[in-house]
Amino acid sequence: MATLKSFACVLAALAAVGSAVPADHHQKRQQAPEAGFYVPSYYPAPYGGWVDDWKESYAKAKALVDRMTLAEKTNITGGTGIYMGRCNGNTGSALRVNFPQLCLNDAANGIRQTDNVTVFPNAITAGATFDKKLIYERGAAIGKEGRGKGVNIWLGPSVGPLGRKPKGGRNWEGFGSDPVLQGYGAYETIRGVQDQGVIATIKHLIGNEQEMYRMYNPFQYAYSANIDDRTLHEVYLWPFAEAVRAGVGAAMTAYNAVNGSASSHNPYLINGLLKDELGFQGFVMSDWISHMSGVASAIAGLDMDMPGDTQIPLFGSSFWMYELTRSTLNGSVPMDRLNDMATRIVAAWYKMGQDEGFPAVNFDTNSKTREAPLYPGAWPNSPTGVVNEFVQVQADHDVVARQVAQDGLTLLKNEDNLLPSPHRDPSSSSAPAQPPTPTAPTHAPIETVDYMYIDDPISAFRRRTDDVTFYNTDRFPSSARQQSEDDVAFVFITSDAGENSYTVEGNHGDRDASRLFAWHDGDRLVQDVAARYSNVVVVANTVGPLVLEAWHDLPSVKAVLIAHLPGQEGGESLTGVLYGDVSPNGHLPYSITFAEDDMPESVTRLIDSAFFNQPQDTYTEGLYIDYKWLNKAGIKARYAFGHGLSYTTFNYTATIEKVTQLTRTPPPRAPKEGILEYDQPIPAAAEAVAPAGFQMIWRLIYSWLSESDAQNAIRDGQTRQYPYPPGYTTTQREGPRAGGGEGGNPALYDTAYTLSVTVTNSGSEHSGKASVQAYLQFPEGIEYETPIIQLRDFEKTGELAPGESQTVQINLRRKDISVWDVVLQDWVVPEVDGAYKVWLGAASDDLSAVCHVDGLTCESNVAGPI
Ligand SMILES: *[C@@H]1O[C@H](CO)[C@@H](O)[C@H](O)[C@H]1NC(C)=O
Ligand SMILES: *[C@@H]1O[C@H](CO)[C@@H](O)[C@H](O)[C@H]1NC(C)=O
Ligand SMILES: *[C@@H]1O[C@H](CO)[C@@H](O)[C@H](O)[C@H]1NC(C)=O
Ligand SMILES: *[C@@H]1O[C@H](CO)[C@@H](O)[C@H](O)[C@H]1NC(C)=O
Ligand SMILES: CC(=O)N[C@H]1CO[C@H](CO)[C@@H](O)[C@@H]1O
C-alpha cells in the first residue's frame, strides 16, 4: 500500500508530462525483453462458484447481483478513491439492495491507523515460532480486532515477497524464506482471520521480491519478475495455493510486472494460475495505484480496482467505475465478466457471514479526532461528521501477542550457558543486566499499527531488578558504569526495512544502503561493549538476516538472540527468556550467512533502474534460494534456516506409515459443476445514469455516466470492435488438469505418509518446547534435479519437562513429494514408494532422525544430510 508521501512524488513527476500514462501496457508489451519469458494468453476469466464449499454463498450472491443495476454492479467492483472514505480502501455500495460499502484495511501486524488496537508481532516473528496453532491464534486475534472496527477485508497475510532477496524491503511481512513455512503461515492466518467473519487477502501476486522500481511511472515500467514455470509452481505460487486451500476470500496483485506484463492485468497469472489452476473462488484486487488499464484488466481477471484512482490519484478519475460502466455498455467487457466480478465479491461477503450483524465502520484512517472531514480527498469541499468512535478491541490479545513474541525469540549462540542470566547464582538478587542501548523496536512507519503502549525491554528489566543501568545511545557511553565480575551487558541492535514509498537513512525500502549490517552503527557498538565487558548478550530486532561477523566471534560476545519484530510486547517476552522462566524456542525463518555474497548474485544484487526500459529481475537461481542454495553450493551458513537453541536438549524418534497409495500422477480432477448462468444482454442506458438531483461528492469516484455518454457507449459498441489480445475468447474452459478444487486438484492434498515423531526433553534442568521440522530428500537418480532437502512440514511441542516426551504428527501430502512437470503441466511423483528420505530434527542442519519411505522404517541419532 502506498502512502501520501509517494503520491506527492507521483504527482510531481506526472505534472511534467500531462497525460502520457499509457492506458494499456498490456497491449504494448506482451513479451519481456528478457529472452524466453512471455505471458501465455489465457482467456476468458474463469467463473467462480463450482467449489462445493462456496456454492451456497454463490447462489445467494447471484440472486443479489441479479437485482443490481449496471451502475450498482460497477460501483461495488471499484473504490471511491484514495482518501475518499474512512478506510485504506472503500468500495462503492449498492444500498438499494442493502449491499454496503466495504472497508478494506491494512496492516501486516494488526489494524492500521486507528486506536485501541493491539500491535501484534509481525509475520516474520510468527514464522519464527514454527507453531501452527499460535499462528492461527494470532490470526484470530487480528480478525477479532478487524471485525470490532468494522473492517470487512483485512489486507493480509503477505507471502509475496517470499524472501528471495535478503535485502528485500517487505520480507518481514511474510513468514520466512521458504514456501512451506510461508504456506502454513498463510493457511493458519487466513483460517484465524476468516473464522471471525473478516475476509483475508493473500498478497502480492507475484514476484514483488524487491521494493525499488516496483511501480510503473510515466518514465519507466516497473521491473519484470521473470520466473520460469517450475520455479513459480514449486516456490513462489506454493503459498498462494495454500491460501486458496484455506478458502481465502480475496487476493491482491503485485505492483511489479511478471514476464513483462503488469500483474494487475496479467491474464495468465490471474485467469490461468490463480482462478483456474488454483481454483480461487474469491475476488482479485489491484494493489494501491497499480491499476493501469480498463478493459485489459477486466478480461485478464481482475475483480476489484483499489483504491479506485488511476495512477494520478485524487482527481476523481478511474479506469473502472464509470469507465467500466462504459466498457460494458459498449460491449468491450462482456456482461458475464462483470456479473462474475460482482458475484465473486458478494459471494465472499456472504461466505464470511457479513450479511448478518457485521459491525459498521467506526474508525477513520485519515484522522484521530472524533469529528473530521468525511472525504479528505475532497478538501476543502468535504462535509464533516463523526468518524472516530474509539471502539476498544484489544481484549486480552496482549496474551497471544506476547506468546508469539516470546516463542519467536531465536537464540543463536549461548556460550558457557551464559543464559538464562541469573542461572549461575539463582539466589542472588543482584542485577545481571547492564543494557547500554535498548531501542524500541522500530521500522518504517507504514504497514504498521499505532502503538497504544509498548512493553519495552528496559521497563521489563526494571520490573525484575533495581540493579540495572540503561543507556539509550548509539555510541559506547563514556559514563558507562565500571564493570564488575557479575555484570552482563545487553546490547540491542536493529535493522529496518519497509516500502519503497519511504526512504529511511538512505534505504529505499529495501536494505540497499545498510545492507545486512546493523543500523545506527550497531556493529561498532557491540565491538566497543565487547572490549569492556566480559559477558555480552546481543539482542537484534531485525527485519531479516544480518551479517554478524564484525563481532560474533569476540570472546566476550557469549549470547546472541534474534528478537525479530515483537510489536508492543517486546519486554516481558524477552526477559521471560533471559531470566529462564521459559526456554527460548524460536527458529530462524531464513539462513544467516557469513557474508552477503554467500548467496547468488541474482538474489543479492538489487535490480537497478533502466531508464525508459523495463528493469529485468530474472530468477536465474531457480529453486535454489536460502538454504537450498547454500546446500547445493556447499556453503556453510553461520546459522542455517531453522536454527534456534533451547536451554535444554531434545532427541527425536519416529515411525512412518503409508496412508494413501500414490500413482505417478494424481487421479483426474472432477469437472467444474454447478456454475450459474452469468450472461445477459447489455442493459438499457438508463441503468448507467444517476437519479435526477443526486448530490455528488466532489472528486469521489462514481459509477454513473451522463445520459449522452451512456447512449454514445451503446452506439460505439455497435460500430466499433475492441482490439482484443491474441487468443481472446469468451467461451469458458474446462480448466487445467492440475486444477479441480481450492488449491488445485484435491488429490494433491491427500496424505501420502504420516510420521509420528516422539520428542523427548533429554536435558535435566530446564523444560522447553521443541520444534519438529521435516525435510524431504527425493530419491537419487530421478529425472528431475531437486534441492538436497526441502522443508515439508513442521510442528511444535508443548512445554516438556526434563525427561518428558510428546508425539507429534507430521504429514506428507502428494504434493509434498511431487515435482512440477513443465511438459505435463501437472505434479508428478517421480518414483512411487521410492527411496525418499524424510529428515527430522530441530533445524535444516540439525537433523538427527530419518524415515525411509521405501521400507517404512526410521532411525535415530544419525548424521544429517548436510
Ligand atoms: C513466464 O515465462 C515462462 C517461459 O519462460 C513460462 O513458462 C511461464 O509460464 C510464464 N509465467 C507467467 C506467469 O506468465
Ligand atoms: C455508489 O457508491 C456510492 C458510495 O457509497 C453511493 O453514494 C452511490 O449511490 C452508489 N451508486 C449506486 C449506483 O448505487
Ligand atoms: C469501450 O469503453 C472503454 C472504456 O472507455 C474503452 O477502453 C473501449 O475502447 C471502448 N470500446 C469501444 C468498442 O469503443
Ligand atoms: C532420548 O533421551 C531420553 C532421555 O534422556 C533417553 O532415555 C532416550 O534413550 C533418548 N533417545 C534417543 C533416541 O536418543
Ligand atoms: C477504552 C479505551 O482504551 N479507549 C481509548 C481509545 O482511544 C482513545 C484515543 O487514543 C483514548 O482516549 C481512549 O482512552
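A polar contact here is a pair of N or O atoms within 3.5 Å; inside the protein, one atom must be able to donate a hydrogen and the other to accept it, and residues adjacent in sequence count only if both atoms are side-chain atoms. Keep that in mind for ligand 1, where an oxygen atom sits 3.3 Å from a polar backbone atom of Tyr38. What you're looking at is a predicted model, in which local features need pLDDT of at least 70, side-chain atom pairs count only at pLDDT 80 or more, and totals for chains, interfaces and linings use all residues. Residues are numbered from 1 along each chain as its sequence is written, chains are lettered from A and ligands numbered from 1 in the order in which they are written, and side-chain values use heavy atoms, with hydrogens and water left out.

**Around ligand 1**

- Gly36, Phe37, Tyr38, Val39, Pro40, Ile227, Asp229, Val258, Asn259, Tyr268 and Leu269 surround ligand 1; a residue makes that list if one of its heavy atoms lies within 4 Å of the molecule.
- Besides Tyr38, the backbone of Gly36 has a polar atom 2.5 Å from an oxygen atom of this ligand.
- Asn259 uses its side chain instead, with a polar atom 2.2 Å from a ligand 1 oxygen.
- On its own, ligand 1 has 360 Å² of accessible area, and the protein covers 87% of it (areas come from the Shrake-Rupley method with a 1.4 Å probe; for residues, only the protein chains shown count as cover).

**Around ligand 3**

- The neighbours of ligand 3 are Val295, Glu323, Arg326, Ser327, Asn330, Ser332, Asp716, Arg720 and Tyr722.
- Helix 12 (residues 322-329) gives the most to this shell, with three residues; helices (H or I, at least four residues) and strands (E, at least two) are DSSP runs, numbered from the N terminus.
- Side-chain N or O atoms come up to oxygen atoms of ligand 3 from Glu323 at 2.6 Å and from Arg720 at 3.1 Å.
- Asn330 also takes part, with a polar side-chain atom 2.4 Å from an oxygen of ligand 3.
- Ligand 3 exposes 360 Å² when taken alone, and the protein buries 76% of that.

**Nonpolar cores**

- A nonpolar core is a set of buried Ala, Val, Leu, Ile, Met, Phe, Trp, Tyr and Cys residues joined through side-chain atoms within 4.5 Å; buried means under 20% relative accessible area, exposed over 50%, and partly exposed in between (1.4 Å probe, protein chains only).
- The largest one has 113 residues, and Ile202, Ile206, Tyr236 and Leu791 have the most contacts inside it.
- Helix 7 (residues 179-194) gives the most to this core, with seven residues.
- Apart from it lies another core, of 37 residues, with Met68, Met306, Ile345 and Tyr350 among them.
- Leaving out residues up to four places away in sequence, Ile206 touches a list including Ile227, Tyr236, Phe240, Val258 and Leu269 (contact means heavy atoms within 4.5 Å).
- In soluble globular proteins, nonpolar side chains tend to be buried together.

**Ser297 and helix 16**

- Ser297 is found in helix 11 (residues 295-300) and is buried, with a relative accessible area of 0%.
- The Ser297 side chain makes a polar contact with the side chain of His291 at 2.8 Å, and one of its polar atoms lies 3.1 Å from the backbone oxygen of Gly294.
- Beyond four places in sequence, Ser297 is in contact with Ser264, His265, His291, Leu302 and Trp320.
- Helix 16 (residues 522-532) has buried residues including Leu525, Val526 and Val529, and their cover includes strand 13 (489-495), strand 14 (536-542) and strand 15 (557-562).

**Backbone oddities**

- Most residues other than glycine have a negative phi, and most peptide bonds are trans.
- The bond from Asp106 to Ala107 is cis, with omega near 20°, and Ala107 lies in the loop between strand 2 (103-105) and helix 5 (123-129).
- The bond from Lys203 to His204 is also cis, with omega near -10°; His204 lies in strand 4 (residues 199-205).
- Ala395 isn't a glycine, yet has a positive phi of about 45°; Ala395 is exposed, at 63% relative accessible area.
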